[in-house]
Amino acid sequence: MVMKNTRSKEPSKVEARLRGLFLKSQNGEERAYREFLVEVTSMLRTYLSHQLRHSAVLGSEHAEELVQEVLISVHNKRATYDPSQPILPWLFAIAKYRMIDQYRKDSRMKMQSVQPISVDSDEVGNEIERIPAPEPEEPFGENLEEFLSALTPKQRRLIELTKLQEKSIQETCQIMGMGESAVKVGVHRAMKLMQALATERHVRKEV
Amino acid sequence: MKKPIPTDLLLDRLVADAKEKPHAFRSRNLPLYLGLWVVGAIVLTAVSQLILPIRSDLVERAGNFDFVLQASLWLWVTLAAAVLVYRGGIPGQWRSRDSLLGILPLLVIGGVALAISVHEMFHYHEKYATLSSLIRHQIAVHHGGCGAVIFLVGIGLSAALAYWTKNRAAPTALRTQGAWIGVATGALASFMIQFACPNETGIHTLFWHFLPWVALVAFGFAMGRKILRW
């Protein structure tokens, strides 16, 4: 028995509308571009929420940020759209790429934060001494709680003791029941993670 | 991951930023792109003739079928891989079957070189008693000259192509894209060296023309995710 291909070769209404809007926007029509972005945003929101719902690495609460990432990528690479091709595969290829990229980035960050602490760390310790406590006008200042929430409980406690309560390394060792090197390395890694988050936030604000 | 700004505000910024027309990257530019590769191959070969020692039998060999076939295959692989790099730079356009365009001639060249090498190994059995002595002989006689040229030229071209890909295109399969960049540039370098290297034995081709190319592909594959990320 020969199966008939029931798939229509005609583009869907959504495809046709989005393509039309995008082509207009390529010619500099602002209104068309806004309409395109609004439609794409709601489409991506649904798609990414669904994709992230069962994700072990990224939760669905990250969908909105991922939507923004995809929108920025679509905007930056809008010249790569080939008008002779359908727009939805182009759009979803970018969304999928960004999602995988975010998975990798997030997995790396989580791996870094749970790595076992090395005890051979005198150099790192010296470096720690040079890192000043965050000033109120610095990016950590107003969003400190937010940055601290990205840390593991142990890292958070270390930062609270050494940077906020200004305890010495020795005092922190006693309170935490850890070795000196372990405390230095732990603080160093926590500070690096917070700085990375602060930089990422700064870059986003620049867009 | 924290939400930095409301999405509506982001949309306003993107719309405001979109007043300038984006630089075109379209499929109709493909013939122009391929033309650039052909011109690049000719220029590179001409330059190599000025810098590298010219093989004395070039005029004679240029009329032979096997030489023309080999050169055509290298050029074919170069152009096929270049098309794949181009298509890989447009999201949603990558098709796995397209890879056959580049893989088939690659297998032909590798297979023929390997077959001739094996034949030569048996033919010169007394001279090359073991594989290790064969490898030692190749390194002692040729010092990797062709291989080094192919690898260095390939790395230079790969860097330029990777730069272009990262800035002007939007690859979504980074490792694959890196590997195809290695295929395209390595094949171009091998095409070029063919006009300078008089040694056409299978073993030499396998060691110093084919393996450096494979190394470039492996390098591209390994570095793709790091270099081409956008």
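Let me start with one pair: A:Arg34 forms a salt bridge with B:Asp12, and the closest N and O atoms are 2.8 Å apart, where a salt bridge is a side-chain nitrogen of Lys or Arg within 4 Å of a carboxyl oxygen of Asp or Glu. Please keep in mind that this is a predicted model, in which local features need pLDDT of at least 70 and side-chain atom pairs count only at pLDDT 80 or more, while totals for chains, interfaces and linings use all residues. Residues are numbered from 1 along each chain as its sequence is written, chains are lettered from A in the order in which they are written, and side-chain values use heavy atoms, with hydrogens and water left out.

Across the interface of chain B and chain A the rule finds two salt bridges. On the side of chain B that touches chain A, the elements giving two or more residues are α1 (7–17) and α7 (145–168) of chain B, helices here being DSSP runs of H or I with at least four residues, numbered from the N terminus. Of the elements, α1(B) gives the most to that side, with eight residues.

How many residues does the contact take from each chain? With contact meaning heavy atoms within 4.5 Å, there are 40 residues from chain B and 43 residues from chain A. The two chains bury about 3,800 Å² between them, 59% of it on carbon and sulfur atoms; buried area is the accessible area, with a 1.4 Å probe, that two parts lose on being put together, summed over both.

Turning to another residue, B:Phe221 lies in helix α9 (residues 202–227) of chain B, and, leaving aside its neighbours within four places in sequence, B:Phe221 is in contact with B:Arg175, B:Gly178 and B:Ala179.
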